[in-house]
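Student: I'd like a close look at one spot in this model, and then a walk outwards from there. Keep it relaxed, but spell out the cut-offs.

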Amino acid sequence: MLPRTIDMYRVLPELLWCGFGALVMLLQPFVRNRHFFTFLALIGTLTGTLASVISAANAGPGFNGLVESDSFSFFFRLLVGTVAFLVVLAAGPYLDRERLPVPEFYALLLFATAGMGVLASAQELLTAFIGLEMSSISSYILAGYRRDSLKSSESAMKYFLLGSFATAFFLYGIALVYGATGTTMLDKMAHTDETSTLLKLGLSMILIGLGFKVAAAPFQVWTPDVYEGAPTPVTALFSAGPKAAAFALLLRIFATVPAATHFWFWAFWVLAVLTMFAGNLGALVQTNIKRLLAYSSIAHAGYILVAFAAVTTMAQAGSAEAGPAYAAVLFYLLTYALVKLGAFTIVSQLGGVGEKNLSLDDYAGLSQRQPVVAAILSIYMLSLLGLPVTAGFFGKFYIFKAAVNSNLIWLAVIMGINSVIGSYYYLRVIVVMYMRESSAEAAAATPVGFPLSVSVVLAVTAIGTILFGVLPNSVINFLLRPNLFGFGH
Amino acid sequence: MVPTNYYVILSAVLFGLGVFGFVFKRNIITIFMSIELMLNAVNLAFVAFSQALGKLDGQVFVLFVIVVAAAEAAVGLGIIILIARNRQSLNVERVDLLKL
């Protein structure tokens, strides 16, 4: 059957992202102007993101049910599109400073974004696999984008080897699920009451594969190394985009396949506890700001997994209460993406040529040298910590509420303990910035400039963090729609 | 005819060998080949299940997997060449700048 026009509308954001990525590659030999490509990439990410509105207006299954355009995919397309747009803004000055080639960077970024969009809207496992690989393969190259840097190439190698290892697990899981149910369509799986060992084995392997991608312990070992070695704008992308997309696929599998829901509860319980402790305890001893933020992003994956455990309990009881838990995950991913993006942008800008100033000591006395930057970084840290008036507070609050509502008291207690551990290293960053004196050479150096595009990123993320911390209802009400997932209708 | 079970067991053994090679080998090229072995185990499983279920879609999936594996191999070999040029070594234990 030939694809219809409406199918095209339903994948319009991905088409645009891919199209602009290809356009950047085509124009690369002919245009010498670096700013031209930044401009083109900005237009590309923006039109793709806006096109998700058209997709949402033409909601429904596309390409015979391979993809689904619903509120859920609308949310994630907006999220990854905005992340990509802000990363382009932040990356422009970085690429100039490090004297790196421009067009390839944006082409890869656009392809990765398209992959994440496919991942978030896939309704069939092999389509999800293609989306996963589109985003992963581009990410491997982006991680090693500073070719001459030993650290960057090492980061690319580790990401590539562990990433494709995880992909193989994911794929073997798909094969086993296909063998057990005879289909890879999620909505068809929703109606099977198959509970064979083969299906359970397949679902476990899918979980392992995606566990690698979202950096859940014990599959998190690659995260700090890759985050530290990759160029910082790329790290910002990694911590916000692919992670959200992988969580999106996990949620969709969950919401659709009852076998997964019943089987995965304890798996999520254990993963959540391990991940929270691995992230928070690892972060305590870090002196490199990128590594510190990497461990913190592991810890945050752990908090999100708490909400997943809550989703399973509720769905198991057959209650309609699972809605708030889904909303909690989505809201958390949004707040977390904003904060991580902003924090890594500051780190990228303060790093200086060759990313030399990445130690926590380089942040000593920042409040005197660059008061505005120090204040904004403090907002991000307080949001990661989960203090009221920041978006992080409501993110944690909704997850906590979901856990308590589904009687996961122990999990909620462990999450509380972890938030306390986490407060140590987030506050340490603030203490270093405000209470310690700058080193003599840092004080003598001219303050790092923040170009307009980088300032826009910081403004958007900081205002968003405060806004969602004061008025979370607008987003939550959207996420609490009964038809979040399209297959309900 | 050989029963489907045999193929599935063979694919599980191949996948296990791949995991074993990934975990215990030290040369990047060998590790990379282990991953390829795992992907081909997946292909065998798809074809076997496709035959058992009497459906063709499993065989189509194999084509997708082969194409993606080729794309991954291109990027992976590029990264391996980069490592070899930067460090004059393909032993993963020597690639250890980034650690705690």
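Student: Let's zoom in on A:Ala307: leaving out residues up to four places away in sequence, which residues does A:Ala307 touch?

Tutor: Leaving out residues up to four places away in sequence, A:Ala307 touches A:Ala325, A:Ala328, A:Val329, A:Tyr332, A:Ile399 and A:Ala402. Touching, or being in contact, is a matter of C-beta atoms, placed from the backbone, lying within 7 Å.

Some ground rules before we go on. This is a predicted model, where local features need pLDDT of at least 70, side-chain atom pairs count only at pLDDT 80 or more, and totals for chains, interfaces and linings use all residues. Residues are numbered from 1 along each chain as its sequence is written, while chains are lettered from A and ligands numbered from 1 in the order in which they are written.

On confidence, pLDDT is the predictor's own score for each residue, from 0 to 100. Chain A averages 90, with 97% of its residues scoring at least 70, and chain B has a mean of 91, with 98% at 70 or more. For the model there is an ipTM of 0.95 and a pTM of 0.94. Of the elements in chain A, helix H2 (residues 12–27) has the highest mean pLDDT, 96, and helix H12 (residues 258–263) the lowest, 72. Those helix names come from DSSP runs (H or I for a helix, at least four residues; E for a strand, at least two), numbered from the N terminus.

Back to A:Ala307. In the largest nonpolar core, which has 218 residues, A:Ala307 and A:Val329 are the residues with the most contacts inside it. A nonpolar core here is a set of buried Ala, Val, Leu, Ile, Met, Phe, Trp, Tyr and Cys residues joined through C-beta atoms within 7 Å. Buried, in turn, needs 20 or more other C-beta atoms within 10 Å of a residue's own, exposed is 12 or fewer, and partly exposed is in between, with C-beta atoms placed from the backbone.

Helix H15(A) gives this core its largest share, 21 residues. H15(A) is mostly covered, with 28 of its 29 residues buried. Running over residues 322–350, H15(A) should span 42 Å at 1.5 Å a residue, and its end C-alpha atoms are indeed 42 Å apart. The expected figure is 1.5 Å times one less than the number of residues. Just past H15(A), A:Gly352 has a positive phi of about 75°. Then, in the loop between H15 and helix H16 (366–369) of chain A, you meet A:Glu355. Phi of A:Glu355 is near 50°, positive although this isn't a glycine. A:Glu355 counts as buried because 22 other C-beta atoms lie within 10 Å.

Compare that with A:Arg99, in the loop between helix H4 (71–98) and helix H5 (103–121) of chain A. A:Arg99 is also a non-glycine residue with a positive phi, near 55°, but it's exposed because it has 8 C-beta neighbours inside 10 Å. As a rule, most residues other than glycine have a negative phi, and most peptide bonds are trans. One bond to look up is A:Ala217 to A:Pro218, which is cis, with omega near 5°. A:Pro218 sits in the loop between helix H9 (197–213) and H10 of chain A.

H10 of chain A (222–229) brings us to the partner chain. Chain A puts 29 residues in contact with 29 residues of chain B. On the chain A side, the elements giving two or more residues are H6 (125–143), H7 (150–181) and H10 (222–229), and H7(A) gives the most, with 17. That side divides into 16 nonpolar, 7 polar and 6 charged residues. Nonpolar here means Ala, Val, Leu, Ile, Met, Phe, Trp, Tyr, Cys and Pro, charged means Asp, Glu, Lys and Arg, and the others, Gly among them, are polar.

H7(A) has 32 residues and reaches 46 Å from first C-alpha to last, close to the 46 Å expected. Of its 32 residues, 29 are buried, and just after H7(A), A:Gly182 takes a positive phi of about 75°.

Finally, zoom out. Chain A has 22 helices and 2 strands, and buried residues make up 63% of its 489 residues. Among its contacts between residues at least 6 apart in sequence, 80% join residues at least 24 apart.

Key
Two residues are in contact if their C-beta atoms, placed from the backbone, lie within 7 Å.
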